[in-house]
Amino acid sequence: MKIHSPLRTATAALCTFALASCSSPVGPGQIPPTGSKAQASTGSASGSIAKLMKDRGLSEADVTAALKTYTPTGKKDEYYIFASGGHGGNLIVIGVPSMRLLKYVAVFTVEPWQGYGYGDNSSKEVLAGGRRHNKDMTWGDMHHPALSETKGSYDGQFIFVNDKANPRVAVVNLKDFTTEQIVASPLIESEHGSTFVTPNTEYVIETSQYPAPLGGVYADIKDYNDKYRGAMIFHKFNREKGRIVPEQSFAIELPPYMQDLADSGKLGSDGWVFCNSINTERATGGVLEGNPPLESGSTKNDVDYFHVINWRKAEAVANTEGKTKVISGIRVIALQTAIDEGLLYFIPEPKSPHGVDVTPDGEDIVVGGKLDTHATVYNFKKIKALIDAKKFTAKDPYGVPILDFDEAIRGQVELGLGPLHTQFDGDGNAYTSLFIETKVAKWNVKELKLVDKISTSYNIGHLVAAEGDTVDPDGKYLVAMNKWALDRFLPVGPLLPQNFQLIDLTGESNGGKMQLLYDMPLPLGEPHNAQMIRADKLNPWEIYKPAGMDPLTKQKDPYAVEGGKERIERKGDTVHVYMTAIRSHFTPDIIRVKEGDKVALHITSIEQAHDATHGFTIDSYNLHASLEPGKHVNIEFVADRAGVFPLYCTEFCSALHLEMAGYFLVEPKAK
Ligand code: CUA
């Protein structure tokens, strides 16, 4: 066994100085015998460690956890976590195992530091893609990030995210951690089963949650059964261009159950997608109109419908002339067509399920029971055999064929109260979050047998394991994403942070059992889900090269400015300012315009040194741009306020940072 030497040292310290916990060995072979050289040589260090432990009241498990997460200055983490920022509408990047915050990527919400949405044309263009019904959406409810995949493995190129509140998906390029595209989905009015990718990122899947008439039209809720619908959207992704191509996307109309999370088949089940739903009752709520509230109306039946969808066949149907109709700019396969073409099947599932997760081998699909204590393990081969034999037990009210539950499952495993989501390791184990019991259950997929449980603090929702959604998961680390923090951190008033808890899956220093390593408060919104990728799979740029690059196009901008070619030109009523930034000056540094002029700033950072970032603002004009090395921005605005406005560099770039400033002079209109 490979022994991590600092751990051994500290463990030796524990024993040498006879703290209470010393009698329980950390693991076989890890504690040197009394009087060994290791002890002798680290005697004084061990003494201070023992005192530290005593002073801070740390146990042996605490020290082990610290040693497993502590990352000395200059050392880098093994994994990246990409977590949704929830209501923050942005993406949060965290290093594992240190749990250090590395970046916020602005996606659906303006972000001041990078100037996202604060004036530059590129970010304004990206945000404009997310307008719905001709209205700017200035927040997003981000839930489920999905890394791009090649052959079912994360490839580190892109990450996709969704907005549950204002149905949209976005594309983030991991070369520079920049949002390049937001695509609004006006077909649907709510979503949740998003984003999930197919194994080669052919499509980014977005599924509606609360049914509504498709295409944003009105129908009274009394017409729910006839006019309200769900839909699963397949956003076509062009990897070369790094863009979703809406003209090549399509959707499948679904009955008005509330579709929930989805997952793509892989390996043997590639070409299929699986999705949960709730509310077979088609309850609508309406407590003042004599109806039961949604929560009781939608939970009367014992079962809901697990959706089985053949996306590869659906793609062929969508590409066949006359098989779709365009609603809100997207080709839609009507429900009846989906039934006739054999694209959609249902299987009963214990009522009000939540997570659906395909096993790494693609053979099984795990559904969390939520109100049931079991996870149900559906088997793809069994499902496929029933479909091929056309062996259906019934049809739903819309004519969708229903397969037999008992014949479609491999079994159920009793895990505890409130099973939600499942992740996998590379040793045949699954990890399922138990919301009500507030624990993680580890179980053996093949044997359907519970192996271990660990408490979380508190009310775990999603969980993420290293490479845990791929065909080749690493296991090793798991992060429990807890909804409640309660007594974990210093009090900050009634709104508490979320609590990410890092858990060691190796069992190396805990007798084979899962061990809690670290609590990380996240005070930004509710990060629902995350994905964890090996750090060496990413290769982000250090600078924009050549200088003058537009982060959106990843090309040299037509307005890029070279050193020595800075100038100010008036064309009609527009004043074009061709500016460069380099330590420690803007050129030009004085801009004269007249009140009412249109101003087009073209600013290139001609820096090519790593981390030599500048920022640009004109006071009181509510403009801000971040100028990373080599970046180019175009900012257009109207000089609608006469006066004298300092402009300055907003990033402490150099010893003469304060001197990196100038003036924007707006001469009043003649009266
Ligand atoms: Cu450039 Cu501060």
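Start with Ile436: its relative accessibility is 52%, so this residue counts as exposed. Keep in mind that this is a predicted model. From Ile436 we'll move to helix 8 and then to the salt bridges.

**A greasy spot on the surface**

- Ile436 sits in the loop that runs between strand 26 (429-434) and strand 27 (439-444).
- Together with Leu417 and Phe435, Ile436 makes up a nonpolar patch on the surface.
- The accessible area of Leu417, Phe435 and Ile436 together is about 260 Å².

**Helix 8, end and face**

- Helix 8 covers residues 311-318, and its buried residues are Trp311, Ala314, Glu315, Val317 and Ala318.
- Look down the axis of helix 8 and those buried residues fall within an arc of 165°, so they line one face of the helix.
- At the N-terminal end of helix 8, Asn310 acts as the cap.
- The capping contact puts a side-chain oxygen of Asn310 3.4 Å from the backbone nitrogen of Arg312.

**Salt bridges**

- Side chains of opposite charge can pair when their charged atoms come close.
- The model has 31 salt bridges, counting a side-chain nitrogen of Lys or Arg within 4 Å of a carboxyl oxygen of Asp or Glu.
- One of them is a buried pair: Asp163 bridges to Arg168, with the closest N and O atoms 2.8 Å apart.
- Asp163 has a relative accessible area of 0%, so it is buried.
- Arg168 is at 0% relative accessibility, so this partner counts as buried too.
- Out in more open surroundings, Lys381 is exposed at 57% relative accessibility, while Glu363 is partly exposed at 27%.- Lys381 and Glu363 form a salt bridge, and their closest N and O atoms are 3.2 Å apart.
- Lys381 belongs to helix 10 (residues 380-388) and Glu363 to the loop between strand 19 (356-358) and strand 20 (364-368), so this pair ties together parts that are 18 residues apart in sequence.
- Glu569 and Arg567 also meet through their side chains, in a salt bridge of 2.9 Å from N to O.
- Glu569 counts as partly exposed at 27% relative accessibility, and Arg567 counts as partly exposed at 34%.
- There's a network as well: salt bridges with shared partners join Asp176, Glu180, Arg243 and Lys554.

Terms used: Residues numbered from 1 in each chain as written. Predicted model: local features only at pLDDT ≥ 70, side-chain atom pairs only at ≥ 80, totals over all residues. Heavy atoms only, no water. Patch = residues over 30% accessible without salt bridge, like charges linked within 9 Å, V, L, I, M, F, W, Y side chains within 5 Å. Areas by Shrake-Rupley, 256 points an atom, 1.4 Å probe, with all protein chains shown as cover. Helix = DSSP H or I, 4+ residues; strand = E, 2+ residues; numbered from the N terminus. Buried < 20%, exposed > 50% of the residue type's maximum accessible area, 1.4 Å probe, protein only. Arc of directions from axis to C-beta. Polar contact = N/O pair within 3.5 Å; in protein donor to acceptor, adjacent residues only side chain to side chain.
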